[in-house]
Amino acid sequence: MKILKVDHLGIAVNSIEEGKNFWSDILGLPLEGVETVEEQKVTTAFLPVGESEVELLESTSPDGPVAKYIEKKGQGIQHVAFRVDDIDAALAELKEKGVQLIDQVPRRGAGGGRIAFLHPKATGGVLVELCERPND
Ligand code: ZN
């Protein structure tokens with residue numbers, strides 16, 4: 001498995017409009033690519049920071065995973081995403097090492113990439129996302 005970089009930090013917010021006040025208006029990060037991923041009940045906004053990005057996550061439904069996260073823990077960092085060169089190979093390697101996965105196979109993420117989450121039980125409490133982007 002080859003991890004290329006920290007791709008982004010996923011931050012759960014009550015609303016992107018509200019989150020934008022700090023992350024974009026105050027810090028000055030450009031807000032790019034707002035996209036809704038219906039099957040994950042989430043709207044995402046990406047704010048590039050150098051080689052990485054901040055991803056704001058707003059739930060589209062009270063029973064979505066982001067809404068549930070905020071209900072339990074409040075707004076804040078929800079996951080860390082690593083860019084990998086080959087997500088299928090990475091998942092196969094993790095399975096072989098006995099790491100508990102949330103996604104056995106990659107699913108579609110925002111921006112046309114493929115993503116998969118590892119179970120926080122296997123990572124010391126951090127929700128880790130692997131992502132592969134089409135332009136890699
Ligand atoms: Zn993410």
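Which strands does helix α2 (residues 65–73) lie across? The views below, taken from a predicted model, start with that helix and move on to the sheet and its pocket.

**View 1. Helix α2 lies across four strands: β1, β3, β4 and β5.** To find your place, look for β1 at residues 3–12, β3 at 42–49, β4 at 52–59 and β5 at 76–84. The helix runs at about 90° to β4.

**View 2. The sheet is open and has 8 strands.** Walking across the sheet, you meet the strands in the order β2-β3-β4-β1-β5-β8-β7-β6, with mixed pairing. At the edges sit β2 (32–37) and β6 (107–108), each of which pairs on one side only.

**View 3. Strands β7 and β8 pair in the antiparallel sense.** Here residues 114–118 (β7) meet residues 128–132 (β8) over 5 bridges. A handy landmark is Ala-116, which stands opposite Leu-130 in β8. Helix α3 (residues 87–96) also packs on the sheet, where it touches β5, β7 and β8. The direction of α3 makes about 145° with that of β8.

**View 4. The largest pocket has a volume of about 690 Å³.** Its lining is made up of 34 residues, and those nearest the centre are Pro-65, Gln-78, His-79, Phe-117 and Leu-127. Two or more lining residues come from each of β3, β4, α2, β5, β6, β7 and β8.

**View 5. Helix α2 returns, now as part of the lining of the largest pocket.** This helix gives the largest share of that lining, 6 residues. By character, the lining residues divide into 17 nonpolar, 8 polar and 9 charged.

Notes. Residues numbered from 1 in each chain as written. Predicted model: local features only at pLDDT ≥ 70, side-chain atom pairs only at ≥ 80, totals over all residues. Heavy atoms only, no water. Pairing = 2+ DSSP bridges. Contact = heavy atoms within 4.5 Å. Axes fitted to C-alpha atoms, helices over the stretch in contact; angles between N-to-C directions. 1 Å grid on protein atoms, 1.4 Å probe; cavity = no way out; pocket = protein on both sides within 12 Å on 5 of 7 lines; lining within 4 Å. Points joined across faces, edges and corners; volume = space filled by probe spheres on them. Nonpolar A, V, L, I, M, F, W, Y, C, P; charged D, E, K, R; others polar.
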